[in-house]
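Thanks, everyone; I would like to spend a few minutes on pockets and on one surface patch, and I will begin with a term that we need for the pockets.

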Amino acid sequence: MRVDEKIKHDGRTPATAATAPSIPAAAIPTRKRRGVNREGLEAGRRSTRTLLWILLAAAMVLYGFPFLYLIFTSFKTPIDTIAVPPTILPREWTLENYANALGRNGVLASFINSVQTAIISTLLSLVLAVPAAYGITRYQTLSGRIFIMGALVTRMVPPVAIGIPLASMMATLGLADTPIALSIAHTTISLPLSIWLMSSFFEAVPKDLEEAATVDGCSRLGALWRVVIPVVSGGIAVTAIFAFLASWNEFLFALLMTAIRSQTTPVVIANFQTQFGLDWGSMTALAAVYSIPVILLTLLLQRKIVAGMTLGAVKG
C-alpha cells in the first residue's frame with residue numbers, strides 16, 4: 001500500500017499523523033485492569049464491612065433479646081406472664097411484680113449476702129492471683145508453668161464434684177451457712193481464671209520499668225507495688241469484674257452451702273413458688289433488680305476495662 005493511500009485509510013493528514021502521540025497498545029488494557037481491581041477491592045471491602053455489621057447486629061439481638069424479654073415480663077400482670085401464646089410487650093404495664101418481689105421476707109438480706117460474698121471473693125482472688133501471676137511471669141520457671149496449667153485444669157472440674165466436699169469441710173470448721181464459707185468456695189472458681197488473666201497482663205509490662213525502679217532503690221516488692229501495679233490497674237479491674245461476676249451469678253455452691261442466714265439472691269429467686277407453680281412475674285422483677293449492680297459496676301469501671309484490654313497493644 002502506498003503512503004498516500006495509507007494516510008487516506010487512517011483518515012489523517014501527514015501533519016496529523018506525524019504529530020499524534022504514540023500510545024502503547026498494552027497500556028490501555030493494563031490501566032483498565034488496574035481500575036477494575038481497585039473497584040473490586042473497594043466493593044469487597046464494603047461487602048465485608050456490611051457482613052460484619054450484620055453479624056454484629058444479629059449477635060446483639062440474640063444476646064439482648066432474652067434480657068429485654070425478662071424486663072418486659074417483669075412489668076406484666078400475673079395473667080400475662082403465663083399467657084399462651086406469650087406476648088413480648090405487656091398488655092397492661094404494672095409495678096405489682098416489683099412490689100411483691102421486694103416485699104418478701106429475706107430478699108433484702110439475700111442482697112446483702114450476695115454483695116458481701118462477691119466482695120470478699122473478689123478481694124481474695126486478687127490478693128492471691130496478683131503475686132502468683134507476677135511470680136510466674138517474672139521468674140519463668142518450669143514449676144510456675146506447671147502451676148498455671150494446673151490452675152486452668154482445676155477450672156475445668158465441674159463445680160458439683162467439689163461442692164459437696166467443700167460443704168462438708170466448712171461444716172466441720174464451723175463455717176456452715178456463713179458468707180465467709182461461701183466466699184472461699186467462690187474463690188475456688190474465680191482464682192484460676194484470675195491468675196491466668198493477670199499473667200497475661202504482667203507479661204505485657206516491660207521489665208525495663210522494674211529495672212529502673214530497682215536502680216532508684218526499690219526492692220522487688222516495692223517495684224511491684226509502686227510501678228507495675230499502677231501500670232496494670234486496667235488489667236486488675238478486668239480481673240475484678242470477672243471474679244465479681246463469677247461470685248455474683250453462682251448458684252450451685254450457694255444452694256449447697258447456705259440455708260437461711262447467708263442465702264444469696266439467686267437461691268431466693270429459685271424459691272419463688274406459689275401453689276400454682278413458679279411466680280414468673282416476681283422472679284423476673286427480682287432478676288432485673290439483681291442485674292443493676294453489675295451493670296453499674298461495669299459502667300463505672302469502663303475506662304479501666306478498656307485500658308486493661310488494650311494493655312498488650314503497647315507491649316515493649
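By a pocket I mean an open set of points on a 1 Å grid over the protein atoms alone, with protein on both sides within 12 Å along at least five of seven lines, and its lining residues are those with an atom within 4 Å of a point. Please keep in mind that what you see is a predicted model.

With that term in hand, let me take the second largest pocket, which holds about 180 Å³ of space. Its lining consists of 13 residues, and those nearest the centre are T154, R155, T188, I189 and P192. Two or more lining residues come from each of α7 (142-155), α8 (159-172) and α9 (179-203), with α9 providing the largest share, 6 residues. Sorted by class, this lining has 9 nonpolar, 3 polar and 1 charged residues.

Turning to the largest pocket, we find about 430 Å³ of space, and among its 16 lining residues Y63, F67, S291, V294 and I295 are the closest to the centre. At least two lining residues are supplied by each of α3 (27-74), α12 (233-248), α14 (265-270) and α15 (280-300), and α15 gives the most, with 6 residues. How many charged residues does the lining of the largest pocket have? There are no charged residues in that lining, which is made up of 12 nonpolar and 4 polar ones.

Finally, on the surface, V61, F65, I88, L89 and W93 make a nonpolar patch of about 520 Å²; of these, L89 sits in the loop between α4 (78-81) and α5 (96-102).

Conventions: Residues numbered from 1 in each chain as written. Predicted model: local features only at pLDDT ≥ 70, side-chain atom pairs only at ≥ 80, totals over all residues. Heavy atoms only, no water. Patch = residues over 30% accessible without salt bridge, like charges linked within 9 Å, V, L, I, M, F, W, Y side chains within 5 Å. Areas by Shrake-Rupley, 256 points an atom, 1.4 Å probe, with all protein chains shown as cover. Salt bridge = Lys/Arg side-chain N within 4 Å of Asp/Glu carboxyl O. Helix = DSSP H or I, 4+ residues; strand = E, 2+ residues; numbered from the N terminus. 1 Å grid on protein atoms, 1.4 Å probe; cavity = no way out; pocket = protein on both sides within 12 Å on 5 of 7 lines; lining within 4 Å. Points joined across faces, edges and corners; volume = space filled by probe spheres on them. Nonpolar A, V, L, I, M, F, W, Y, C, P; charged D, E, K, R; others polar.
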